[in-house]
Structure formats: structure tokens, C-alpha cells
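This report considers a metal site and two residues with an unusual backbone angle. The sequence and structure come first.

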Amino acid sequence: MSRKSAVMPDPTAIGNVSSPPFARLPDPASLFSVRAARLRQLAGISNLAPYLRFLAELVQTQHDIQTDLPLPESPDAKAIARAREFEMPPLDRGQIEVDKAVSSIFDRLFAAAAAIEKPVAATEALAHVTAADPAERLAMAHAVFSNTLPADAIAEHVFVWAGLQVHFARLASVLDVAALAPVADGVCPVCGAIPVSTMVVGWPGSHGARFCSCSLCDTLWHYVRIKCVLCGSTKGIGYKEIDGQGGAIKAETCDECHGWSKILYQDKLPDADPVADDVASLSLDILMREGPYHRGGFSPLLAGF
Ligand SMILES: [Zn+2]
Ligand SMILES: [Zn+2]
């Protein structure tokens, strides 16, 4: 594998960007089934095939368990207005309780995941989270919110994260997108989590605009290009990529904070999914580990590599 290591400007950044929406909320009815299909597609062409096939099944269960689940209630309008006044996101992760609704998602997901073919370690991790009481599950949820998974229990936290994603995507889906406002650089305006990756989209009306993809609730929010997602700097931005892949996925590096974020280019990867393609492009993460930059996006599915 040959590699480009020079920092280069992004030649595709020049384009006709119309006025993109500030955010696009997730549609939990299609989000996970589309992602599962993409993971199956990527498994067919990747040397990570066994892992991608496992993830495809896990994401399919995220879709399947929603049948018959009542849609969550929209948060109280006054609470949303108050959050906005203090430049806080409308969904407060810190206030989560493993209540009946969250427990029901965890129980359904963990039961359905038992049928997925997986390594012994993942089977044991699933048994652990299945038996865990609400307090232990809550502690694991807070580890997910802190973007740091304990090295000896990554698989457990991936299962918990998968349940939390279903919960927060459903909560996000009933919000009023027009009431959202920016919170901070690199912070989801719906739930306050950090992105998994970013994507330059090909949507009509937003062609060439970049969106961050929330690692928790799957909201996409607009973020200008050639600007560090981590610290907001527009100085010292560079791009790295794996040679021979047509510039479909790049690492945007920042010399101010020494971080990097992943960018997927939908014009080159029309079916790109911010979570699925992030995992399948592990080789870019491995390349970047050789350099001085630390990865900025939170990627629980890559935490074990
Ligand atoms: Zn979010
Ligand atoms: Zn930066």
C-alpha cells in the first residue's frame, strides 16, 4: 500500500455550495436498515469482512427491535427553550435514566443479538450486559458519553452504545429541526455528543456541503469545510489519504490542536454511511496512528483495533 504523507490542500473544496440546512434529524425507521445494507455491501469488498458482517447483523437488530416500540414523547417545549437560551442541546445525556423505555430497548437488543454469530468474547460480553442491572447499564452509558471505553470491556460498551443509539435517534427524530441552534464546534446540536465522522454530501440543494454525523443520536449537522471539527481553527488544515482510493475518504488534520477528523465524499461513495464507512476505512486510522495527530471523532466500533 503506497501512502501520501504530504499535507495538501483539498482540491474538491471549491464548488457551488447552495444553502444547506443546519441539520438533518435521523429517521429511525430507515437509518439502521440502510446502514445494515451498507455494512453487508462493504463486507463483500473488505478484508474486515467477518467483523463487518457481525456489525451488519447488530445494526439490523437496532432496526428490528423498534417494531411496536411507541415513539418517544417530544421533550417539553419550555425545557427546549431553556436549553437553547443557555446554548445547550435539547437532549441532555447527563440526565438519562435507565427507565422503562431505555431498559426495554436494551432488553430487546441484547435478546435479539444473542442469535448473531460472533466470537466467544462477544458472546461473553453480551451475557454480561444482559445480566447487568440498570445501575451497571447506566455506568456503562456514562462511559459511552465520555467517549472513552475501558479497554477490558469494549464489547460490552459497544452493545450498550448500540442500544443508546436507538434511544437517542428516536428522541432526536421527534424534535423540531427548525428550533435547533449551534452549540459549539464539533458538538451535536441535538444531544451534545461528538461526531463519528463527517461527510461531504451530494444532496440536492446541499451539494458539496460538509455535515458532521453524531456518534450517538445520528443527527447530521452542517459544518463548513476546511475548518477543524475539533477546535474550530481554519489555520493549519491539511488532508491525508490512502493512495489509490480516489480521494473518497480523507483525514482532515489540524496543526492548531493536532487532531484529525475523517471526511467521506459522497460524490465518490454515493452509498457512504458515516458509521459503516468509518469502520471499513480502518486502514486510514492505522496510517494516521503513525503521525503526530490524534483522532477526534468517537468511534466505539474501532475502539478494539
Ligand atoms: Zn447527537
Ligand atoms: Zn483543531
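## Terms and model

A residue is called exposed when its relative accessible area is over 50%, buried when that value is under 20%, and partly exposed in between. The structure discussed here is a predicted model, and the values below are computed from it.

## Positive phi in two loops

Glutamate 87 counts as exposed because its relative accessibility is 56%, and this residue lies in the loop between α3 and α4 (100-113). Although glutamate 87 is not a glycine, its phi is positive, at about 55°.

Aspartate 68, which is found in the loop between α2 (49-64) and α3 (77-85), likewise has a positive phi, near 75°, in a residue other than glycine. With a relative accessible area of 68%, aspartate 68 is exposed.

## The zinc site

The zinc ion (ligand 2) has as its protein donors the SG atoms of Cys228, Cys231, Cys254 and Cys257, which lie 2.3 Å from the ion. Along the chain, these donors follow the spacing C-x2-C-x22-C-x2-C, and the angles among the four donor atoms, 106 to 115°, make the site tetrahedral.

Cysteine 228 belongs to the loop between β4 (220-222) and β5 (237-240), whereas cysteine 254 belongs to strand β6 (residues 249-254), so this pair ties together parts of the protein that are 26 residues apart in sequence. Cysteine 228 is buried, with a relative accessible area of 3%, and cysteine 254, at 0% relative accessibility, also counts as buried.

How values were computed. Residues are numbered from 1 along each chain as its sequence is written. Chains are lettered from A and ligands numbered from 1 in the order in which they are written. This is a predicted model: local features need pLDDT of at least 70, side-chain atom pairs count only at pLDDT 80 or more; totals for chains, interfaces and linings use all residues. Side-chain values use heavy atoms; hydrogens and water are left out. Donors are N, O and S atoms within 2.8 Å of the metal (3.2 Å for Na, K and Ca); water is not among the atoms, so sites may look incomplete. Four donors count as tetrahedral if all angles lie between 85 and 135 degrees; four count as square planar and six as octahedral if opposite donors are over 155 degrees apart and all others between 65 and 115; anything else is irregular. Helices (H or I, at least four residues) and strands (E, at least two) are DSSP runs, numbered from the N terminus. Buried means under 20% relative accessible area, exposed over 50%, partly exposed in between (1.4 Å probe, protein chains only).
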